[in-house]
Each structure stands twice: as structure tokens, then as C-alpha cells.
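User: Hi! Could you walk me through this one with me? I've got a few quick questions.
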Amino acid sequence: MSSLPTKDYNLVLLDKLQANPNLTEIGCANELNCSLAAEGYARANGVSACVVTFSVGALSAFNGTGSAYAENLALILISGSPNTNDASQFHLLHHTLGTTDYSYQLEMAKKITCCAPCYIEIPTNLSGAECVRPGPISAVTDPVTSDKAALEAAANCAAEYLSGKLKPVILVGPKLRRAGDGAEESLLKLAEAMGCAVAVQPAAKGMFPEDHKQFVGIFWGTVSTDAADSIVHWADALLCVGTSFTDYSTVGWTAMPDIPLMAAEMDHVTFPGAHFSRVRLGEFLSHLATQVKYNNSTMIEHNRLKPDPVLVHTPAPGDELTRKEISRQVQALLGSKTTLFVETGDSWFNGIQLKLPQGAQFEIEMAWGHIGWSIPAAFGYALRHPDRKTIVMIGDGSFQVTAQEVSQMVRFNLPITILLVNNRGYTIEVEIHDGSYNKIKNWNYALLVHAFNGEDGNAKGLSAKTAGELEDAIKVATENTQGPTLIECSIDQDDCSRELITWGHFVATANARPPRVSGG
């Protein structure tokens, strides 16, 4: 990905990159969108690169780079920078802070790049210089494997620990997929060897098959699905696989498990009384699967706890459109080759309630929580996976942040379906803390998409205010294979999920905790 608005410090660099037949340049509307598109591409490809200019480009791209860091995605941020002679000659330059010290961008980058996302700064007069490689590239690209002794000891100790427990449960987190190396397949092998209940955190939805008999729902405190919270809290041993406990994923710290945790992370394993470093997640799960004993006690208990299937109401075509009806129709769209992006806001909660068929993928940005993320991220993802049907659920407030990137979907003829829920405001913020700042100027979203077409685009913009109009619009979107289709779904401003309201109350309470006063 490269950003094009301001680029004079990286012009030669772009020329050199374009000359490489193995690389394809994808221009984005601005640096924020560029970094978020690269983040989405990394979700699909495993690694991506974002190329920007100094300061005015990189500082904007730091936002998406921060997302990649928080979400454990491999993103390389590449920035052009001033001529190497300028610092010693004390020149004041454009695109800088007006000082002769140009190291500030590197210092900023150090805070948001490490291991998965990394930062490369290339002075403009070195972009065309010959690169003398100091060693074989395999030193950087070869996969890191576990220390054999540590792996063996970790698996043996974990198996012994679990053997003394009566009610084990596996809790899956978003770092599972980031670990790569077959970690998802190894988890499935381990789960079936243990026979226990498997719950997933909201950001890990889709990382364990939802049609598997051991899947017991999304563990998200008071807004959990399928009684996942009841079975997690009933357990006497919780094997946490790539989990991430934040204020958002724990509903304002109200859903932290209250038993000792055994945590299998991307490169180490920790449980009560022991810590093992240099242990890769996929290898650990696979090895542990050969050591554990079968125990399905938590599945027996969950079958007693799980709620009855919800009866779905199908409205008449002329009935007013609602949030639940949007979800019902989206559910019918999901197939084995579908990837669903859900934007920060009520789309999180509506998407979490959907049932993913085998092969369907689910993408969410919960750790960083940047509104507007889903539009450029879906663009980047779809570039890598044109074979999959990409669907985005987003609110009107979020869409206004990164709307420009729809023009890139048009440019590259990507048949992305965008379901834009227009309830005229930032609903998620309203439920956390309301104020006039949560109201936004309404747009004619369907008409805006047509403006992106120019003279050669194939995007379609449609509006739906009834159940029947949404059904008709989805048919149009399904038939439009040459460009994106945006469907503006107008619903009542107060029509939001019970889960969002509940979650918002707890997060607001956590935010409002008074400062601790030390004793004197």
C-alpha cells in the first residue's frame, strides 16, 4: 500500500518499488486509510507494507500502525525522510516540526512498532543506492521454532496440571490466528483430545468452528452468547489460548475469570507455579494434544445450560426496517466463502450474534477500536482475497471517518457489500456517555457512492427503510460483481442492541472510577 497526497521524500523510493515485478503498488486516498488498508491486507496475507512520506504522511499512518501493533498484525511502515546532508547543515525543512532534529519520527515509531509491525526510514538520497545485504534473508524470514526441551517440559507440566482438574474449559483469544504456524488446526486437535467446552473471546469469533459440537459461544461477560459465561465461571481450570483481557473484552473489568489461568501465548506458556519461554503456540497445542486425558464434563453441563434456539420473526416487506431485521438478512448472506467485517459500535454486538457457517471468516478491531477502520481494512483484505465475498457492517458515524476509500473499491472493481446503518449519530458513545458531540451531520450516503464512480465506476448506492427494500437492495448487491454496493439502512435512533446498552453501562462505570488516594 502507498499513500499519494504528499510524497516528495519518497518519490525515488516509489520508483524503485514500482520497478520490482514482484510488487504491486496500491494507492490510497490518504495516509490514515493507507495504514488501515495495510492492516486489513495483513489480516488476509500475513504481512503487508505501508509506504508514506516524512511526518505529514507517517504521523497520520501511525494510527493504523498502532492498530496493527495492538492487533498483533505484521505491518511494515516504510517512510521516506530528508536528505542525509540536511541535519549537519542545520536546514529547516518542509514536512518537519521546524527544528533541525529529524529523529523525532523514529522516536515516535519506537512506541508503536515491535516484532510484528516494524518501521523502516529511508532518506530520499539513499533510495536509489545499492543495497549490500549483510547476510542471508532467511535469517529474518525463517520461522522461529520452539526450544525442544522447553516445549516438552511445558506440555508435560500442562498435562499434569489439567489431569488434576474436574471441569476444564478452553478459552480462545485473538492472538491464536496471529500466531500462524497451524495454530488454529492444532487448537482443534487439542480440543477434540480434551473433549471439553471451547468458548471464544469476541475478537476471536470464527477462530474455532461455530458448528463444532464443543463450541459453547462467545465469552463476553454479561453480553455473552449461548451461556458461555456460565460455563467459563463454572470451570475449575481455564486454558487461555492467545487471549487478550482488556476493558472492552471484559465489559469494564466485570468479566475477568476468577480462577487461576493457564495461558498459552504466541511464544510462551504460563500457568500457576510455572513459566516456559521459547515455546511457540501451535507447537505447544499440538504437543499437548498427545498428553491430555479426555474429559467432557463441561460439555455435559453446558448442554443443560444452553438456551433454546431463538425464534426468528420474518417481517412483512412493508414493515419498518429494524436492527434485528438487518441481522436476519445478513445471516442469510453468510457462506463458506464470506468474510464479515464489523465496525466499532453496535455492529460489534449485532455481528457477534450471527452464526458463522463452516469456512466463514469474521474480522473485528477490538483492541484498537478505531471507528472507520472497517472500510479501508475491508478494501485491503479484498485485494488479497478477491475469491471471497467481503461484507461490511458499519454505522454512519464511523463511515464518515474513512469514506474516501470506497473510491478505491470502485477503482479496483471490488464487489464489497457495505451495510451502512444510519441512526444519525455515534450510538456506541451515546451508551457510554451521551452529549451533543455524539450527533453528526446526516449525508445522502447512497448518492455519495455514485459520486465516486466518476465516468467509469460500477458502484451502486441504495437506500432501504423497510424490510422489503433491504431484501431488494441485497439482491442488487449480489448481482453487482464489478464494484462495491453500499446499502444505507435507515433505522430509529433508539434501535440498538440490549448488549450494547449493557456493555456501555459497565464500560462507563469503569471509566468513571475515582483516582486512588494513597494513605498517609
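User: At roughly what angle do the axes of helix α2 and helix α3 cross?
Analyst: Happy to help! This is a predicted model. In it, the axes of α2 (residues 31-45) and α3 (residues 58-70) cross at roughly 20 degrees and come within 6 Å. Because angles under 35 degrees count as roughly parallel, α2 is roughly parallel to α3.

User: And is the crossing left-handed or right-handed?
Analyst: The crossing of α2 past α3 is right-handed.

User: Which residues make that contact?
Analyst: From α2 there are E31, L32, S35, L36 and E39, while α3 brings in S60, A61, N63, G64, T65, S67 and A68. By type, the residues of this contact split into six polar, four nonpolar and two charged.

User: Which domain does UniProt list for residues 9-94?
Analyst: The unreviewed UniProt entry gives "Thiamine pyrophosphate enzyme N-terminal TPP-binding" for residues 9-94. Over that range the chain is 42% helix and 16% strand, with the end C-alpha atoms 10 Å apart.

User: Switching topic: where does UniProt place the "binding site" feature?
Analyst: The unreviewed entry puts "binding site" at D396, N423 and G425.

User: Let's take N423. Where is N423 placed?
Analyst: N423 lies in the loop between β16 (417-422) and α17 (427-432).

User: Buried or exposed?
Analyst: N423 counts as buried, because its relative accessibility is 7% and the cut-off for buried is under 20%.

User: What does N423 touch?
Analyst: Leaving aside residues up to four places away in sequence, N423 touches D396, I491, D492 and Q493. One of these, D396, also belongs to the "binding site" feature in the UniProt record.

Methods:
Residues are numbered from 1 along each chain as its sequence is written. This is a predicted model: local features need pLDDT of at least 70, side-chain atom pairs count only at pLDDT 80 or more; totals for chains, interfaces and linings use all residues. Side-chain values use heavy atoms; hydrogens and water are left out. Axes are lines fitted to C-alpha atoms, for helices over the stretch in contact, and angles run from 0 to 180 degrees between N-to-C directions. Helices (H or I, at least four residues) and strands (E, at least two) are DSSP runs, numbered from the N terminus. Angles under 35 degrees count as roughly parallel, over 145 as roughly antiparallel, 65 to 115 as roughly perpendicular and the rest as oblique. A crossing is left-handed if the near helix is turned anticlockwise from the far one by less than a right angle, and right-handed if clockwise. Contact means heavy atoms within 4.5 Å. Ala, Val, Leu, Ile, Met, Phe, Trp, Tyr, Cys and Pro count as nonpolar, Asp, Glu, Lys and Arg as charged, and the others, Gly among them, as polar. UniProt positions are given in the numbering used here, feature names are shortened, and annotations may be inferred rather than shown by experiment. Buried means under 20% relative accessible area, exposed over 50%, partly exposed in between (1.4 Å probe, protein chains only).
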